[in-house]
Structure formats: structure tokens, C-alpha cells
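Me: Please take a close look at the aromatic side chains in this model, and at how their rings are arranged with respect to one another and to charged groups.

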Amino acid sequence: MLGDAVLPVSPNPTTAAVNRIVPPTAERPHGTAAVWMKSREALLGDLRYSLGLLGEDTGKLNDDALLQAIHKLSPDAVHAGGRPHYSFLKAAAKGWAAHEAHLGEQLAVSAEEYRLYVAEESRSCFVSEIELYHSNPLTEQGIVLVDTPGADSVNARHTGVAFNYIKNADAILFVTYYNHAFSQADRQFLMQLGRVKDQFEMDKMFFIVNAADLAADEEELQGVLGHVERNLQQHGIRFPRMFPVSSLQALDGKRNGSPQLLASSGIGAFENAFLSFTRNDLGALAVESAAQELERARHTIANWLEAASGDEKTRELAREALSASAEQAGKLVKAIALPQQHPQLQQELKELLFYVLQRVQLRFGDHYHFAFNPSALQDDGRDLKKAIWTSWLELQRLLQIELAQELEATSLRLDNTLNKLAAKLYNQAAADAAELLSGFTPSPYKAYALVTPEEQPAWTATTIDTKLLWSKFKSPRQFFEGEGKSALRSVLETELAAPLQAWIQQAERDWSSRYDALMHQACETAAEALQADITAFSQGKLASLSGSSDLEGLHHIQAALLAI
């Protein structure tokens with residue numbers, strides 16, 4: 001897309017940070033970058049979290065002891081879900097001496113240094129985010145590209161970062177690799193996209209199957225695309241826009257100016273669809289909003305000019321009527337902002353969280369089978385007590401991510417419900433004001449911008465211990481071929497029901513008061529906007545009625561508006 005080899009690929013992308021590609025500035029020339037290093041507190045928190053997932057007790061370790069524990073780690077018997085965390089810990093230990101002093105800093109780096117901060121794990125694991133200043137056909141149009149960490153990255157545990165980009169981005173490009181099976185982390189991320197897809201005003205997601213040139217023929221390519229589409233549909237993503245692309249051929253084609261390579265790469269179909277979306281679909285929203293505002297301005301100016309055309313007596317009566325109507329309309333507007341109960345919003349919250357718990361419990365089996373699998377619990381000399389404990393930790397981690405993502409999606413649904421309710425109150429008051437004020441055209445309701453709630457404290461189950469897990473495990477053979485695995489699942493489902501219910505109930509209490517306050521703020525903001533419209537209209541019309549307005553200027557403005 002950028003037409004050059006810009007973003008280096010890390011050999012192990014589990015430590016990747018957020019990369020933003022933005023237009024260059026006078027202070028930041030093309031090719032340079034700004035690197036934000038993690039704070040010391042954030043990095044140590046990540047280290048403790050990752051070490052804890054590998055079964056190590058980090059509660060009493062100071063910083064030096066933490067690093068010593070990392071140095072002692074062995075890759076033997078690391079659970080599949082823990083491998084990215086093992087790589088991250090070893091990379092951090094390797095780079096600690098060189099980068100500890102820069103924690104919490106913002107660094108200005110050259111293009112060559114930028115590549116090192118992305119591609120070298122012992123550097124990249126210390127990075128929070130990077131801003132690359134790059135001139136290309138996209139950034140020259142004002143488009144900012146954000147390359148977020150893959151779902152398998154250790155940084156992906158901070159689900160709120162990825163969610164805010166999903167929520168606020170104008171377009172989302174999800175890239176998968178030809179014949180690449182979706183990992184557990186991929187599936188959780190796709191599930192999140194499926195949860196929120198129908199909450200956006202338009203479909204802004206594009207799914208790219210890269211390395212399509214590996215297909216032996218068209219039939220094989222269509223088979224792979226069909227498989228990917230079925231996977232997406234299973235995760236709630238219906239009618240996905242999919243594009244098979246060979247990025248290798250596309251880049252070579254752009255560099256060499258080869259129409260043949262560009263045509264065979266498939267990049268043209270994607271770029272046409274993407275640019276059409278940005279120019280037409282997104283552009284249409286802006287044009288429609290501008291057209292409404294222009295029409296409102298034309299109507300208002302015409303009303304003011306009409307008001308100025310009557311005789312003195314008529315204008316005096318109109319002034320008195322206008323002042324009284326404006327005062328009455330103001331009272332209607334104030335009523336919006338008064339604190340009041342919103343049972344529909346509270347009922348929506350209650351129902352949404354009820355179904356969150358239902359879905360998490362329904363998907364428990366998938367997470368359980370991934371966490372307690374034969375490769376993690378082999379009798380090959382490993383410490384099986386520790387292995388079954390880390391399998392539980394992996395299950396707990398998967399449930400934590402599931403709950404966090406479910407709440408994020410729930411917040412988007414509640415935000416939309418809140419704005420619909422606030423818009424209904426606004427529109428009713430605006431319509432009443434328009435009846436009172438002849439010629440008044442209110443602005444459309446402007447959605448109240450809501451910040452995604454801070455993540456709830458991570459869900460944990462304190463009643464689960466090694467003794468309980470070990471009581472159902474005699475040997476790998478007994479566990480997987482006998483009744484051990486199903487017995488442990490039954491015990492865990494029973495033990496976890498109450499902690500899950502309690503966590504959801506606490507979220508409901510926290511969010512109930514939060515959304516009550518946000519609804520009140522949204523109504524206050526809407527009332528202020530409507531009152532400002534009423535005041536501006538009334539003052540302009542009073543000026544026309546009093547003969548103090550610049551009629552020539554108003555005629556000039558009217559002519560200009562009509563000419564647009």
C-alpha cells in the first residue's frame with residue numbers, strides 16, 4: 001500500500017508495539033520516527049504477568065529477583081499459550097541493561113534505528129508505540145495508518161488498546177496469510193470483530209488473504225477463500241469483503257512499474273474498493289452533513305430577511321412574540337438536562353450483561369480443551385503438577401480476555417443505546433422549539449462522544465488450586481483416555497459459576513452508575529447545543545425585526561449560500 005518496504009517484519013512478532021504511519025512534518029522529516037518506551041511500571045507489570053502465566057510466583061520478587069527468575073527459565077514444558085510470553089521474557093532480560101535507562105522516554109530516531117526498534121526483539125519488547133513519519137500516496141491524502149500488534153502479541157493482553165482502534169478507526173484491514181490456520185488469539189480477535197460489526201454506521205472492515213500467489217491454481221485459491229469466509233462467518237462476520245493479494249508481487253510491481261505483476265497480485269481490486277470506500281462512503285457522510293448545514297443556513301437567512309420586510313408595528317409585535325417564544329422554548333430545553341431516570345438504558349445494561357455471562361459459559365468448553373490439551377500434559381519427564389497448574393492459568397487467561405472483550409463490545413452497544421435515547425429527547429425538544437419559533441431549524445443531534453470504560457479488574461478464581469486440579473489427574477493417559485478430563489471440566493464449571501456471576505454483578509453495579517452519569521452529561525450537552533441554536537436564531541431575527549441588521553450583508557450571504 002505504501003509502495004516501498006517500510007515496515008520491517010520481526011522474526012518473532014510476539015513483542016510488536018503499535019505503529020502509526022503519519023505524514024512528515026517540518027520537525028519530523030520523511031523516514032524518521034518517534035519511539036515511546038514503556039514506563040518502568042508498565043514493563044515490570046508485563047514481566048510479572050508473563051512470568052506468572054508460566055507458573056512462577058512473582059508476588060514476593062523484587063526487580064532484581066524478577067530478572068534472575070527470567071534468566072533461569074527453560075523452554076521445556078512451556079504451554080502453547082505461554083510461548084509468546086517466554087519469548088518476551090527472554091528478550092526483555094537480554095535487552096534490560098541497554099534499555100532500562102530509557103524507560104518512560106520518547107526517542108527521536110532515524111530510519112535505520114526505527115528498523116531496529118521494530119525487528120530486534122530485545123529492543124521492541126521495551127516499546128509502547130511508534131510513530132513513523134512517511135510520505136506516500138495515502139498519508140498525502142491525510143490518511144493515518146495504524147499497524148496494531150497481532151492477536152498473539154503479549155501486548156494484545158491490553159485488549160482496550162486494540163478495541164479503541166476498532167471503535168474509532170474509519171476502516172479496519174484484517175490481514176491473514178494464505179493457508180494459515182487461525183490461532184486461538186486470532187479467533188478471539190475475530191470474535192470481537194463479529195460482536196461489534198453491526199454496531200457501526202457502515203461496514204468498515206476489509207479482510208485480506210495475503211500470499212495468494214502460493215495457490216497452485218484458481219480452484220485451490222477459491223477453496224482457501226471459501227474456507228476463510230466460513231471461518232469468518234463462524235465468528236459472527238457475515239458477508240465479509242475479502243481480497244486475495246500477493247503483497248510480494250504488488251510491491252515488486254509498484255517498484256518496477258510492471259502492470260503485469262500488479263494485475264496478477266490482486267492489489268488493484270483491494271485498493272479500488274478501499275479508496276472507493278474512503279472517498280465515496282466516508283466522504284458521503286461528510287458531504288451529507290455539510291449539505292444539511294447549508295440548507296439550515298439558507299432557511300435561517302431567508303427567515304431573517306423576511307422578518308425585516310414588515311412595517312414597524314408588525315415588527316414590534318413580532319419582536320414581543322419572538323421574545324416570549326424564545327423564553328418558552330428555553331424552558332423546554334432545560335427540561336432535557338434535568339436529572340431523571342432512564343429505565344430503558346438500565347434494562348438494556350442488565351440484559352446485555354446477562355447474555356455476556358451466558359455466552360462465556362457456552363464457550364467455556366472451547367477454552368478448556370485448548371488449555372488442557374495432550375501436548376501441554378505429556379509424561380516426558382516434565383513436572384506434571386506445574387504443567388496442570390499452567391494449563392489452568394492459560395484457561396483463566398482465556399476467560400479473562402473473553403470477559404474483557406465482551407464488556408468492550410457491550411460498552412459500544414450501550415453507547416449507541418444512550419445516544420439513541422438522548423437523540424429522542426433532543427429531537428422532541430427541538431421539534432417543540434421549532435413549533436414555537438417560526439422559521440427556526442435546529443441542528444441535528446450530535447452523538448455524545450463516549451470514552452470506552454476503563455477495564456474492570458481482571459476476573460480471577462481464588463478457589464482453584466493445584467490440589468483440586470491434581471485430584472482429577474492420575475496420568476496423561478487416564479486424563480485424556482479415561483474420565484479425568486471430563487471430570488475436571490465438570491468440577492471447574494461448578495467452581496467457576498459463582499466467581500463469574502459475582503464479577504458480572506460487580507460490573508453491572510459499576511456501569512449502572514456510570515451510564516446514569518453519562519446519560520445526564522449527554523442530555524446536558526445536547527441541551528446546551530439546542531439552547532445555543534435557539535439563542536443564535538432569536539438574536540439574529542430580533543436584529544432583523546429591530547432594523548439594526550445589515551440587510552445588504554444578509555442578501556450577500558444568501559446569494560453566496562444559494563450559489564454553493
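Reply: In this predicted model, a convenient place to begin is Arg20, which lies over the face of Trp36 at 5.9 Å from the ring centre. A charged end also sits over a ring at Tyr117, where that of Arg123 is 5.1 Å from the ring centre.

Turning to rings paired with rings, a search of the whole structure gives 20 aromatic pairs. In one of them, Phe440 and Phe537, the ring centres are 5.5 Å apart and the planes meet at 55°, so the pair is tilted, since only planes over 60 degrees apart would count as edge-to-face. Phe440 belongs to the loop between H15 and helix H16 (466-470), whereas Phe537 belongs to helix H18 (residues 484-546), so this contact ties together parts that are 97 residues apart in sequence. Phe440 counts as buried at 6% relative accessibility, and Phe537 is buried as well, with a relative accessible area of 3%.

Another tilted pair is formed by Trp511 and Tyr515, with 5.9 Å from centre to centre and 55° between the planes. Both residues lie in helix H18 and, being 4 residues apart, are separated by about one helical turn. Trp511 is buried, its relative accessible area being 4%, and Tyr515 counts as buried at 1% relative accessibility.

Ring pairs also build a cluster, in which Phe364, Tyr368, Phe372, Trp470, Phe473, Phe479 and Phe480 are linked.

Definitions and conventions
Residues are numbered from 1 along each chain as its sequence is written. This is a predicted model: local features need pLDDT of at least 70, side-chain atom pairs count only at pLDDT 80 or more; totals for chains, interfaces and linings use all residues. Side-chain values use heavy atoms; hydrogens and water are left out. Rings of Phe, Tyr and Trp (its six-membered ring) pair if their centres lie within 6.5 Å; planes under 30 degrees apart count as stacked, over 60 as edge-to-face and the rest as tilted. Helices (H or I, at least four residues) and strands (E, at least two) are DSSP runs, numbered from the N terminus. Buried means under 20% relative accessible area, exposed over 50%, partly exposed in between (1.4 Å probe, protein chains only). A charge sits over a ring if NZ of Lys or CZ of Arg is within 6 Å of the ring centre and within 35 degrees of the ring normal.
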